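Visitor: I'm new to this one. Could you walk me through how to read it, feature by feature?

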Amino acid sequence: MISDLEKKSIIGPELFNKLMDELSFSGIQTIKCCKCNTHIEFEPGKIEGTLKDENGVVLNKEKQLHYAQNRFKCPRCHAEQCRKCGETPYHLGKTCEEFKARKESKLCKYCEEPIKNPSP
């Protein structure tokens with residue numbers, strides 16, 4: 001697979017950027033890998049079987065759908081990321097909003113759950 005940098009050097013930056021713009025308007029969903037910057041056509045997956053989070057808990061339908069529609073694994077460098085928010089690795093078991101809220105909150109040092117009402 002040829003990287004975007006190699007493609008630019010072959011066809012030139014102006015033509016490369018023009019082609020990338022045309023792809024984005026053509027209805028083809030492309031995603032740029034956060035690690036190697038390669039543009040890849042994105043095809044949403046399907047919910048197959050049952051997915052479990054890092055604790056072994058089966059994901060509900062909403063979270064399985066989010067996984068199917070947003071998880072992306074780069075075929076070039078194998079980085080796994082979220083198409084919607086760009087987080088890497090993909091935040092299995094959480095929507096983008098839940099992941100962001102957890103990331104921004106203080107966590108209990110014993111159970112690693114968000115502290116809802118921190119005392120002063």
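Guide: Sure, let's start with one residue and its neighbours. F72 touches I31, I40, F42, A79, E80 and Q81, leaving aside residues up to four places away in sequence. Keep in mind that this is a predicted model.

Visitor: Is F72 buried or exposed?

Guide: Buried: the relative accessible area of F72 is 5%, and the cut-off for buried is under 20%. F72 also belongs to the largest nonpolar core.

Visitor: Which residues make up that largest nonpolar core?

Guide: There are eight of them: I31, C33, C36, I40, F42, F72, C74 and A79. Several also turned up as contacts of F72, including I31, I40, F42 and A79.

Visitor: How many aromatic pairs does a search of the whole structure find?

Guide: The search finds two. In general, a pair of aromatic rings is described by the distance of the centres and the angle of the planes. Here, the rings of F42 and F72 have centres 6.2 Å apart and planes at 55 degrees, so this pair is tilted. F42 sits in the loop between strand 2 (39-41) and helix 3, while F72 sits in strand 3 (residues 71-73), so the pair ties together parts that are 30 residues apart in sequence. Like its partner, F42 is buried, at 5% relative accessibility.

Visitor: And which residues form the edge-to-face pair?

Guide: Y67 and Y90, with 5.5 Å from centre to centre and 75 degrees between the planes. Y67 is in helix 3 and Y90 is in the loop between strand 4 and helix 4, so parts that are 23 residues apart in sequence are tied together. The two rings sit in unlike surroundings: Y67 is partly exposed, with a relative accessible area of 23%, whereas Y90 counts as buried at 6%.

Visitor: Let's turn to charged side chains. How many salt bridges does the structure hold?

Guide: The structure holds six salt bridges. Take the one between E98 and K63, where the closest N and O atoms are 3.4 Å apart. That pair links distant parts of the chain, with E98 in helix 4 and K63 in helix 3 (residues 61-70), 35 residues apart. K63 counts as buried, at 15% relative accessibility, while E98 is partly exposed at 35%.

Visitor: Which residue meets R71 in a salt bridge?

Guide: That's E80, with 3.1 Å from N to O. R71 is partly exposed, having a relative accessible area of 24%, and E80 counts as partly exposed too, at 26%. You've already met E80 as one of the contacts of F72.

Visitor: What about K84: which residue does K84 form a salt bridge with?

Guide: With E97, the closest N and O atoms being 3.7 Å apart. This pair links distant parts of the chain as well: K84 is in the loop between strand 4 and helix 4, E97 is in helix 4, and they are 13 residues apart. K84 counts as exposed, at 53% relative accessibility.

Visitor: I see T95 in a loop as well. Where is T95 placed, and what does T95 touch?

Guide: T95 is in the loop between strand 4 (80-82) and helix 4 (96-104). Setting aside residues up to four places away in sequence, T95 touches E62, K63 and H66. One of those, K63, is the salt-bridge partner of E98. A loop residue can be buried too, and T95 is, with a relative accessible area of 8%.

Visitor: There are cysteines here. How many disulfides does the structure hold?

Guide: Zero. As a general idea, a disulfide is a covalent bond between the sulfur atoms of two cysteines. The sulfur of C77 has its closest cysteine sulfur in C33, at 3.5 Å, which is too far for a bond. For C85, the closest cysteine sulfur is in C96, at 3.6 Å, again too far for a bond. The cut-off is within 2.5 Å. Both C77, at 31% relative accessible area, and C85, at 36%, are partly exposed.

Visitor: Last one: where is confidence lowest and where is it highest?

Guide: Lowest in helix 2 (residues 13-25), at a mean of 73, and highest in strand 4, at 93. Across the protein chain, the mean pLDDT is 83, and 90% of residues reach 70 or more.

Key. Residues are numbered from 1 along each chain as its sequence is written. This is a predicted model: local features need pLDDT of at least 70, side-chain atom pairs count only at pLDDT 80 or more; totals for chains, interfaces and linings use all residues. Side-chain values use heavy atoms; hydrogens and water are left out. Helices (H or I, at least four residues) and strands (E, at least two) are DSSP runs, numbered from the N terminus. Buried means under 20% relative accessible area, exposed over 50%, partly exposed in between (1.4 Å probe, protein chains only). Contact means heavy atoms within 4.5 Å. pLDDT is the predictor's confidence in each residue, from 0 to 100. A nonpolar core is a set of buried Ala, Val, Leu, Ile, Met, Phe, Trp, Tyr and Cys residues joined through side-chain atoms within 4.5 Å. A salt bridge is a side-chain nitrogen of Lys or Arg within 4 Å of a carboxyl oxygen of Asp or Glu. Rings of Phe, Tyr and Trp (its six-membered ring) pair if their centres lie within 6.5 Å; planes under 30 degrees apart count as stacked, over 60 as edge-to-face and the rest as tilted.
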